[in-house]
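Hi,

Here is the structure I promised to pass on to you. Have a look at it first, and then read on for my notes on its charged side chains.

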Amino acid sequence: MSRTRLLIPALALVLVAARKADDPKHENHFRTDGSVPSATGVSLSLTNAEAQQDFVAVDGKLANTGANTILVLKKGEASFVLPQGTFSTKAGGLFGSTVWVPPGESRSIGFKAEGSGFHVDQFTLKPGGIYQASNTGTAVKAPDFALPASVNDFTAGPYSCHLDGLKKETDETSAKFACTYNGSGVGIIEPRRIGLKTESGKEYANEAKKNGRELLLSGETAKFAAVFHVTEVDMQFAPLTVLFRDALTESALTAVALPDWKFVLDPEATAKAND
C-alpha cells in the first residue's frame with residue numbers, strides 16, 4: 001500500500017475534526033425556559049441564539065395580535081447583558097433598523113451585538129424598542145393646494161411638505177409631493193385619500209398606481225404621487241385644487257414592556273454546531 005493512500009484517511013480526520021472552544025469561530029448555542037414573553041397585542045418569540053468571540057445574536061419573530069395597532073421595533077434600543085457588561089444591539093442588520101408590523105401580521109427580526117470576548121456561556125436579552133401606535137391615528141388638517149401653485153411648500157401640523165414635481169396636460173395632471181414628519185409619534189400618509197376638485201366643484205379620486213400607505217418616524221420623509229384624469233375641462237389650463245382630506249394622520253407611540261429573555265448554554269446544540 002502506497003504512503004499516499006495511507007495519508008488520505010488521516011487528512012480526512014483533520015478536515016472533519018470538531019472546532020475546539022478556543023477556536024475564534026467556535027459557536028456557543030443556547031436555550032431558554034421555553035416561555036414566550038407577551039403583552040396586550042404583542043407576541044415575541046426568539047430562536048437561534050448564538051455567541052462567538054466577536055458577536056452575540058438572536059433571531060426571532062414579532063407578532064402583532066392587536067386589531068387596530070401598528071407595532072414598531074427600533075432595534076438599536078434593545079441590549080444584551082453579558083457577564084462583562086451591557087451592550088447595545090446594532091441598529092441595522094438583515095431586517096433593517098426599524099421593523100413595522102401591521103395588525104394581525106408578524107415579521108422576522110434579529111438582534112445582534114458586536115465586540116470582543118463575547119464567547120460566553122450565558123446572557124440576557126432586554127427586548128427594548130418595541131412600541132404600539134394606533135393604526136388609524138388622528139387626522140391632520142392640511143390646506144387645499146392650488147394648481148398651478150403659487151407656493152411650493154406648506155405645513156400641516158407635524159408635517160412639512162413640498163411640491164416635488166408637476167405635470168399638467170389636457171387629460172392628465174400628475175403632482176408629486178414630499179412630506180417630512182416632524183412629530184414624536186408615527187406619521188401615517190394615505191395618498192389614496194387625496195382628491196382633486198375642479199372649478200365646478202366636482203371631485204376626483206387619486207389614480208396613482210403606487211399609492212400605498214407610508215409610515216414615518218420623526219425626521220423621515222415620504223414621496224408620493226397624485227394622478228388625476230378629468231374630461232370636463234382642459235387640465236393643462238384649468239385651475240385645479242388638490243384636496244388632502246385626511247391623507248395625513250398622526251399616532252402617538254406607546255412603549256411596550258416585555259420581560260427579559262435569559263439564555264443558558266445548550267451543550268448538545270453547541271456540540272452539533274461545531275462538528
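Glu 203 is partly exposed, at 43% relative accessibility, in what is a predicted model. Its salt-bridge partner is Arg 245, with the closest N and O atoms 2.8 Å apart. Glu 203 sits in strand E19 (residues 203-205) and Arg 245 in the loop between strand E22 (240-243) and strand E23 (248-251), so this pair ties together parts 42 residues apart in sequence. Arg 245 is partly exposed as well, with a relative accessible area of 39%.

The structure holds 11 salt bridges, and two others may interest you:

- Lys 90 and Glu 114 meet through their side chains at 3.6 Å, N to O. Lys 90 belongs to the loop between strand E7 (85-88) and strand E8 (98-101) and Glu 114 to strand E9 (residues 106-114), so parts 24 residues apart in sequence are tied together. Lys 112 joins these two residues in a network of salt bridges.
- Arg 19 and Glu 27 form a salt bridge at 3.4 Å, N to O. Arg 19 is partly exposed at 29% relative accessibility, while Glu 27 is buried at 17%.

Then there is Lys 168, in strand E15 (residues 159-168). What is the nearest side chain of opposite charge to this buried lysine? That is Asp 234, 7.4 Å away, and Lys 168 has no salt bridge. Instead, the Lys 168 side chain reaches the backbone oxygen of Met 235 at 2.7 Å, and one of its polar atoms lies 3.0 Å from the backbone oxygen of Ala 238. Beyond its sequence neighbours within four places, Lys 168 has contacts that include Leu 147, Pro 148 and Phe 237.

Happy exploring!

Conventions
Residues numbered from 1 in each chain as written. Predicted model: local features only at pLDDT ≥ 70, side-chain atom pairs only at ≥ 80, totals over all residues. Heavy atoms only, no water. Helix = DSSP H or I, 4+ residues; strand = E, 2+ residues; numbered from the N terminus. Buried < 20%, exposed > 50% of the residue type's maximum accessible area, 1.4 Å probe, protein only. Lys, Arg positive; Asp, Glu negative; His and termini not counted. Salt bridge = Lys/Arg side-chain N within 4 Å of Asp/Glu carboxyl O. Polar contact = N/O pair within 3.5 Å; in protein donor to acceptor, adjacent residues only side chain to side chain. Contact = heavy atoms within 4.5 Å.
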